[in-house]
Amino acid sequence: MGKIIFSKKNSDLFDFMHFSEWILKVFGLYVFIFIISSCNHSPQITFKHHIIDSPLTAEVWGTGGFTLADYDKDGDLDVTIQCRSDSAKVYWYENRGIDNWIRHFVGIGSEYQLGATAFDVDRDSNVDLVLGHVWFRNSGNLQNEPDVEWEEHYYNGDMLEENHDIVTADLNLDNIDEIIMYNQTSSTLRAYNLTDPFNWTYADIASDVDENYVHSGIFPNGVVDLNNDNYPDVIMPIYWYKNPGMTGTSWEKVAYPYTPIVPNPYGAGMRVWAGEMNDDGLNDFIYADCDVQFSKVYLLINEGKGESWIKEELPLPKSNVGESGSFHSMQVADFDNDGDLDVFSGEQEDDTKLMKPEGLWERGIIFQNIGTLKKPKFEAIIINEDNPGWHDALIGDVDGDGDIDIVSKIWKADEIDFHLDYWENKTK
């Protein structure tokens, strides 16, 4: 091989090569920093308020029968609601655009009911509406006959008063979902079997839930397998109920680190969402206190079969009066489209003294996940403050643009007019 002779010319070339390498390294470092910064950047969460209906046909407290589903099979999401002061009438709102909702009559329930779920009871591919004591059968022809009255079907059971929470899940793994309801009046947590959709049978998960003065639970998503035996369990305040599977034994109460708030006007109440939060193969859950002031939102990480937990209080910004109200609405979804789960919770619009501090401006809050899939970390983003407040909230892609929107209702209006609201996700 020939020798390299370092002349001045070669030396200049050598220096230039080293300088070029240095430039590339510095440039590469900046590129690396830029990529890391971009990966850690959280989108700015923003929602725009729209009115679905105001004033509602309600003059006293109480709105229920609230669901979000594609009832007319036109590819977008519609809304149902029932008002206490409107003779127990139930309506569905046809979605014709984010500012164009058309109200149609569904039927008259047995009485006012709070809980509801959208579910295809008779498995005919049309979404039906289930309330406490009664379900309404979708005709399947709502695009052509939107005002036709729905068939009304009463189901058996001796549940009295209102069913506060109604959800669905396949408890016995027969590929047919059961309908699970909680009724504080009868202190009963009940599962309805729909093998015969026109002749429901039922079994009680627990008939002594209210021995600890429990007001609400399981909604919107409090049924999930916590102990990794494949059978969905049920989460309520104070205890979760272990599904016995096919053993024929009763459901077992299992305590978890629940933080009570006393005094409260109705008993221990919560909104709960359960699912995988930290990518470790175990289902966790998030719950928000409700129906009481000073409410908080908590994340519980499952450390093993639902018997060991790490509990974290989500950071909550101070309100205009320093304290929080009732976080009666809660949902979990990827609201900012960054691949991890965020949490929504909203304070209730109501003037009940033990429910809301005097003068509180109700807040809708997204707890944005700014951590990682394996280690979530949350930052509170207020998306709205003061009216309209939040009693229940449901989520879905209402406008069909690929992100998750929110619809909400109230329980008791601060002002004269009751209202039904839609929140368009404008996050970029």
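Me: How many cavities of 30 Å³ or more does a search of the whole structure find?
Reply: Three of them. This is a predicted model, in which local features need pLDDT of at least 70 and side-chain atom pairs 80 or more, while totals for chains, interfaces and linings use all residues. Residues are numbered from 1 along each chain as its sequence is written, and side-chain values use heavy atoms, without hydrogens and water.

Me: What makes the largest one a cavity, with its space of about 80 Å³?
Reply: A cavity is a set of points on a 1 Å grid over the protein atoms alone where a 1.4 Å probe fits but cannot get out. The largest cavity holds about 80 Å³, a volume filled by probe spheres set on the points.

Me: Which residues line the largest cavity?
Reply: Lining residues have an atom within 4 Å of a point. Here they are Phe66, Leu114, Gly115, Ala116, His164, Asp165, Ile166, Phe219, Arg271, Asp392 and Lys409.

Me: Why are two of those lining residues classed as polar?
Reply: Because Gly is counted among the polar residues, as are those that are neither nonpolar (Ala, Val, Leu, Ile, Met, Phe, Trp, Tyr, Cys, Pro) nor charged (Asp, Glu, Lys, Arg). The lining of the largest cavity thus has five nonpolar, two polar and four charged residues.

Me: Why are S6 and S7 called paired?
Reply: Two strands (DSSP runs of E, at least two residues) pair if DSSP finds at least two bridges between them. S6 and S7 (residues 128–131) have four bridges, in the antiparallel sense, so they pair. Ala116, one of the residues lining the largest cavity, has Leu131 of S7 as its bridge partner.

Me: What makes S6 and S9 edge strands?
Reply: In the open antiparallel sheet S6-S7-S8-S9, strand S6 (116–119) and strand S9 (151–154) each pair on one side only.

Me: What about the sheet with the order S1-S29-S28-S27?
Reply: This open sheet of four strands is also antiparallel in its pairing, and its edge strands are S1 (47–53) and S27 (392–396). S1 and S29 (residues 420–425) share six bridges, so they too count as a pair. Along them, Asp53 stands opposite Leu420 in S29.

Me: How many strands does the protein chain have, and what share of its residues is buried or exposed?
Reply: The chain has 29 strands and one helix. Of its 428 residues, 52% count as buried, that is, under 20% relative accessible area with a 1.4 Å probe, protein chains only.

Methods
1 Å grid on protein atoms, 1.4 Å probe; cavity = no way out; pocket = protein on both sides within 12 Å on 5 of 7 lines; lining within 4 Å. Buried < 20%, exposed > 50% of the residue type's maximum accessible area, 1.4 Å probe, protein only.
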